[in-house]
Amino acid sequence: MQGVWKALNGKKSSSLNWKNKRKDMSRATRSHHEHVGYLSNGITIGEANLLAKQQLGNGLWFINDWYVEPNPKRRFHKPELEKALTDCKTYNRPLVIPKMAHLVTNRVFVEMCYQAELEGVDIKGLDLMGGEPVQMELLYRLVMNKSAKTSESVKKKMKELKEQGVELGAPKDKLILAR
């Protein structure tokens, strides 16, 4: 590692400066190929490119294609994510998501990304892990655990309400009007 550093800079420096240089060096060496970008939060591609440049550094990388989810409020169908992951698998490119924090609780998103990770796709959530791949297995387990607990508590509450005699579901007169 020091040999590489000397070749790049030609001299030694203090340990603090060395740590900063090593960080910049690793950022530049890991960011050297094509990426696929995915947006699902309303930011523009220009803003996303700025975030990517801040996190990935000035290496020889570029975002080959951007896939923008037209309706980020949809929870159960993510057609642009499907296309992006297919592109990643086909061309062996990592997926870059500039703002991923709001997506990590979405079960569909996490399941799709986890499956893609099992198939060899690196997923970089820039706001979570910077330029390093996200640990999708951990996110998957957390989301599935939360989903199971929520399901159990809803079923328990519905059973309690039913035992109390509360009529559940839509009122019958509204169902007739809806037809």
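**Side-chain packing in the predicted model**

Glu 80 is located in helix α4, which spans residues 79–91. The model described here is predicted. With a relative accessible area of 15%, Glu 80 is buried. The side chain of Glu 80 makes a polar contact of 3.1 Å with the side chain of Lys 83. When neighbours within four places in sequence are set aside, the contacts of Glu 80 are Tyr 38, Tyr 67, Val 68, Glu 69 and Pro 70.

Tyr 38, one of these contacts of Glu 80, also takes part in aromatic pairing. A pair of aromatic rings is described by the distance of the centres and the angle of the planes. The count for the model is 2 aromatic pairs. In the pair of Tyr 38 and Phe 109, the ring centres are 6.4 Å apart and the planes meet at 20°, so the pair is classed as stacked; the cut-off for stacking is an angle under 30 degrees. This pair links distant parts of the chain, with Tyr 38 in strand β1 (residues 34–39) and Phe 109 in helix α5 (residues 107–118), 71 residues apart. Tyr 38 is buried at a relative accessible area of 0%, and Phe 109 is likewise buried at 0% relative accessibility.

The other pair, Tyr 114 and Tyr 140, is also stacked, with 4.4 Å from centre to centre and 15° between the planes. Here too distant parts of the chain are linked: Tyr 114 belongs to helix α5 and Tyr 140 to helix α7 (residues 136–163), 26 residues apart. Tyr 114 has a relative accessibility of 15% and counts as buried. Tyr 140, at 23%, counts as partly exposed, because buried requires a value under 20%.

The largest nonpolar core has 25 residues, of which Leu 95, Met 100, Phe 109 and Met 136 touch the most other members. At least two residues of this core come from each of β1, α4, β3 (95–97), α5 and α7. Helix α5 supplies the largest share, 7 residues. Beyond residues up to four places away in sequence, Met 136 touches Met 100, Val 110, Cys 113, Tyr 114, Glu 117 and Ile 123. Met 136 thus has among its contacts Tyr 114, a member of the stacked pair with Tyr 140. A second core, separate from the largest, consists of 10 residues, among them Leu 39, Ile 43, Ile 63 and Val 96.

Cysteine geometry was examined next. The structure contains 0 disulfides. For Cys 88, the closest cysteine sulfur is that of Cys 113, at 9.2 Å, which is too far for a bond, because a disulfide requires sulfur atoms within 2.5 Å. The converse holds for Cys 113, whose closest cysteine sulfur is in Cys 88. Both side chains belong to buried residues: Cys 88 has a relative accessible area of 1%, and Cys 113 has a relative accessibility of 0%. Cys 113 is also one of the residues touched by Met 136.

One backbone feature remains. Most residues other than glycine have a negative phi. Asn 92, although not a glycine, has a positive phi of about 55°. Asn 92 is placed in the loop between α4 and β3. With a relative accessible area of 64%, Asn 92 is exposed, whereas Glu 80 in helix α4 is buried.

Methods. Residues numbered from 1 in each chain as written. Predicted model: local features only at pLDDT ≥ 70, side-chain atom pairs only at ≥ 80, totals over all residues. Heavy atoms only, no water. Phe/Tyr/Trp six-rings, centres within 6.5 Å; stacked < 30°, edge-to-face > 60°. Helix = DSSP H or I, 4+ residues; strand = E, 2+ residues; numbered from the N terminus. Buried < 20%, exposed > 50% of the residue type's maximum accessible area, 1.4 Å probe, protein only. Polar contact = N/O pair within 3.5 Å; in protein donor to acceptor, adjacent residues only side chain to side chain. Contact = heavy atoms within 4.5 Å. Core = buried A, V, L, I, M, F, W, Y, C linked by side-chain atoms within 4.5 Å.
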